[in-house]
There are 2 protein chains.
Amino acid sequence: MPKKIFFTPGPSALYFTVEEHLKKALKEQVLEINHRSRQAEAYFKEATDNLKELMNIPDDYHIFFLSSATETWERLIQNCIIEKSFHLCYGAFSNRFYDFAIKHGIAAQKAEASFGSIPTNYQIPQDTELISMALNETSAGVTFPVEEIYKIRESHPDALIAVDGVSAFPAIDLDISRVDSAYFSVQKCFGLPAGLGVWIVNNRCLEKADRKQAAGHSIGAYQALPNLLKNAKKHQPTYTFNVLNIYLLARVTADMLEKGIDVIRSETNYKGLLLQHLVDTHPQLSHFVEDESLRSKTVVIASTEGPSEAWIETLSKKGFVVGNGYGPHKGKQIRIASFPTHSKEQIELLVDIISSITL
Amino acid sequence: MPKKIFFTPGPSALYFTVEEHLKKALKEQVLEINHRSRQAEAYFKEATDNLKELMNIPDDYHIFFLSSATETWERLIQNCIIEKSFHLCYGAFSNRFYDFAIKHGIAAQKAEASFGSIPTNYQIPQDTELISMALNETSAGVTFPVEEIYKIRESHPDALIAVDGVSAFPAIDLDISRVDSAYFSVQKCFGLPAGLGVWIVNNRCLEKADRKQAAGHSIGAYQALPNLLKNAKKHQPTYTFNVLNIYLLARVTADMLEKGIDVIRSETNYKGLLLQHLVDTHPQLSHFVEDESLRSKTVVIASTEGPSEAWIETLSKKGFVVGNGYGPHKGKQIRIASFPTHSKEQIELLVDIISSITL
């Protein structure tokens with residue numbers, strides 16, 4: 001049976017070079033080495049150096065490895081918030097960070113919009129310690145305009161700004177120097193197996209953790225920012241982490257640098273437009289996100305006439321795996337990922353196939 | 001170049017069937033599937049069913065997947081301790097759990113012994129909420145006798161007992177029904193790539209988490225025991241976890257069941273004796289753990305005459321990778337893992353090689 005192509009919004013198709021890298025890793029026994037060995041340190045350094053170049057991350061920002069983006073929410077709460085946070089919520093994931101803060105006893109506030117739009121007319125208190133938003137809400141196919149983030153930066157210079165870039169980085173450009181923290185997991189746009197989160201922070205986040213600790217609060221143990229920094233300076237993790245994924249991240253980011261981030265981003269635009277056009281023109285599909293300027297280029301959502309499961313099943317039989325709607329939208333939508341591993345030709349093929357289907 | 005054999009005490013040699021399973025996983029696109037798909041649920045269920053059979057885990061105990069054993073310490077603290085814990089400490093890892101508790105604001109107490117022995121003449125307060133010990137202290141090559149654990153169980157019926165089985169399970173037998181929680185990571189005796197922790201708990205742990213939460217304390221968010229249980233009932237994780245490792249764990253535990261746990265354990269005894277005999281008889285090696293009854297069968301430590309780096313390098317050139325001493329013992333010891341993947345023949349070969357070396 002030929003392999004299926006996964007257009008699911010994460011986990012998704014592996015980056016097209018991963019299989020080859022993985023076979024090489026087996027041959028070179030990367031899966032057996034110590035996580036604090038020179039060899040593992042070299043992968044750690046290469047992965048962070050490549051990420052800095054690929055995403056234009058300032059030199060004085062730090063990159064740490066966690067188990068997932070989900071874990072990052074908890075670590076941001078433990079390290080960077082004492083009392084108050086503010087969350088822009090417009091889908092499952094942006095809301096979940098808010099929920100985590102509440103569960104950890106933070107007096108969190110949010111501005112909420114329903115799936116498919118973003119909050120408007122909200123007031124962020126000047127004394128909030130951290131402001132969060134998702135660059136791309138994977139559950140709702142909504143992009144949060146980067147210009148809005150920069151405006152919040154200017155109007156709230158004292159708050160830390162933490163951006164969820166899970167299904168956006170590195171395909172969507174964000175000026176990291178204008179936020180304090182950004183994070184993502186590797187099973188979306190980076191096309192790696194699931195099981196690794198990447199957390200970018202600046203020194204303001206580290207200073208906040210120091211202040212929180214000095215004030216007598218716990219900032220956790222092995223994933224406390226000072227401990228993450230101490231180990232990262234040696235290119236070492238704080239626990240026996242997923243060495244294989246660090247190796248693969250080093251290799252895939254090298255491949256992406258060779259291809260060029262500008263090429264990846266212009267292809268992302270082109271593929272996004274193709275998919276948007278498909279939804280525009282197909283008689284049985286319609287845009288879930290009404291405001292064109294908010295439509296994601298990496299996770300395109302189409303509301304389906306009739307149950308979306310019929311679409312998913314029909315496409316699966318032809319070898320194309322697309323995602324279902326998220327949470328309350330299950331059965332009503334298909335979600336299509338257009339990540340860097342998805343070639344223009346694959347997206348064109350998918351568009352042709354869907355165009356030819358009437359259910 | 002022929003492959004090296006890793007006798008390091010974790011990460012260590014892959015279980016000898018892993019490479020084949022991994023190639024099959026690539027072919028079957030296991031690395032691309034959704035972590036909440038039916039397919040992933042089946043791997044989750046198979047892995048937990050197999051573990052229950054392999055380790056004779058009672059039916060009413062629950063198995064959850066975390067990112068590492070290190071994470072388990074934090075989750076035990078968050079969920080199962082309000083004020084007081086007691087830690088038996090005799091090496092880097094048993095001490096680290098105590099350190100984590102202190103960092104999380106717990107009034108933790110410990111009974112400490114230096115590397116190479118275990119605490120004696122200690123009093124565990126009757127009102128302690130949780131008692132911890134490591135079945136096998138990987139850093140010190142010390143085994144904690146299971147009979148001691150059972151005695152603590154009888155003398156402290158109200159406390160929760162949590163056993164670190166990291167470099168012991170499933171090679172070393174522990175009656176899980178006589179403790180409340182046990183945990184391990186998969187890169188030791190299970191021979192998997194690093195990046196997955198397994199946490200076993202009984203209902204007393206869950207009830208404790210409920211009581212802690214009801215008393216107004218935070219028990220965390222996604223890794224809170226009630227949330228782990230809610231998801232595990234559906235055979236689902238609480239975050240986008242390492243699906244590949246769940247698949248490999250299901251396959252390797254099936255292989256171990258086919259081989260038979262009794263065979264694995266009797267081979268562990270035999271290999272342990274071979275390595276102990278080597279240290280007994282080699283003129284330039286001596287036992288670090290003086291009390292024979294405390295010597296680990298899975299991580300054997302030999303103090304070396306002269307710097308241990310010379311031994312490690314000489315063996316590495318011959319294709320055998322052994323571990324260095326841990327922490328303050330670096331340069332003074334070699335640590336040799338004898339895990340289920342290490343065949344009797346491999347251990348015999350290693351013993352022959354080391355016997356023939358004089359440095």
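In this predicted model, a good place to begin is Lys208(A), which sits in helix H6 of chain A, a helix that spans residues 203–214. Lys208(A) counts as buried because 22 other C-beta atoms lie within 10 Å, where 20 or more are needed for that label. Leaving aside residues up to four places away in sequence, Lys208(A) touches Asn79(A), Cys80(A) and Leu160(A). Ile102(A), by comparison, is 106 residues apart from Lys208(A) in sequence, and the two C-alpha atoms are 19 Å apart in space.

Attention now turns to the interior. The largest nonpolar core contains 226 residues, and Leu249(A) and Leu249(B) have the most contacts inside it. For Leu249(B), the residues touched are Ala47(B), Val186(B), Phe190(B), Leu192(B) and Leu196(B), again not counting those up to four places away in sequence. In soluble globular proteins, nonpolar side chains tend to be buried together.

The two chains also meet each other: 41 residues of chain B are in contact with 41 residues of chain A. On the side of chain B that touches chain A, at least two residues each come from helix H1 (18–27), helix H3 (69–80), helix H4 (92–103) and helix H8 (243–259) of chain B. By type, the residues of this side are 17 nonpolar, 18 polar and 6 charged.

Finally, the arrangement of the copies can be described. A turn of 180° with a shift of 0.0 Å along the axis lays chain B on chain A with an RMSD of 0.0 Å. The two copies are therefore related as by a two-fold rotation axis. Both copies use the same surface, as 100% of the contact residues of chain B recur in chain A. Within chain B, Ser67(B) comes closest to the rotation axis, its C-alpha being at 3.0 Å.

Terms used. Residues are numbered from 1 along each chain as its sequence is written. Chains are lettered from A and ligands numbered from 1 in the order in which they are written. This is a predicted model: local features need pLDDT of at least 70, side-chain atom pairs count only at pLDDT 80 or more; totals for chains, interfaces and linings use all residues. Helices (H or I, at least four residues) and strands (E, at least two) are DSSP runs, numbered from the N terminus. A residue is buried if 20 or more other C-beta atoms lie within 10 Å of its own, exposed if 12 or fewer, and partly exposed in between; C-beta atoms are placed from the backbone. Two residues are in contact if their C-beta atoms, placed from the backbone, lie within 7 Å. A nonpolar core is a set of buried Ala, Val, Leu, Ile, Met, Phe, Trp, Tyr and Cys residues joined through C-beta atoms within 7 Å. Ala, Val, Leu, Ile, Met, Phe, Trp, Tyr, Cys and Pro count as nonpolar, Asp, Glu, Lys and Arg as charged, and the others, Gly among them, as polar. Copies are superposed by least squares on the C-alpha atoms of residues with pLDDT of at least 70 in both.
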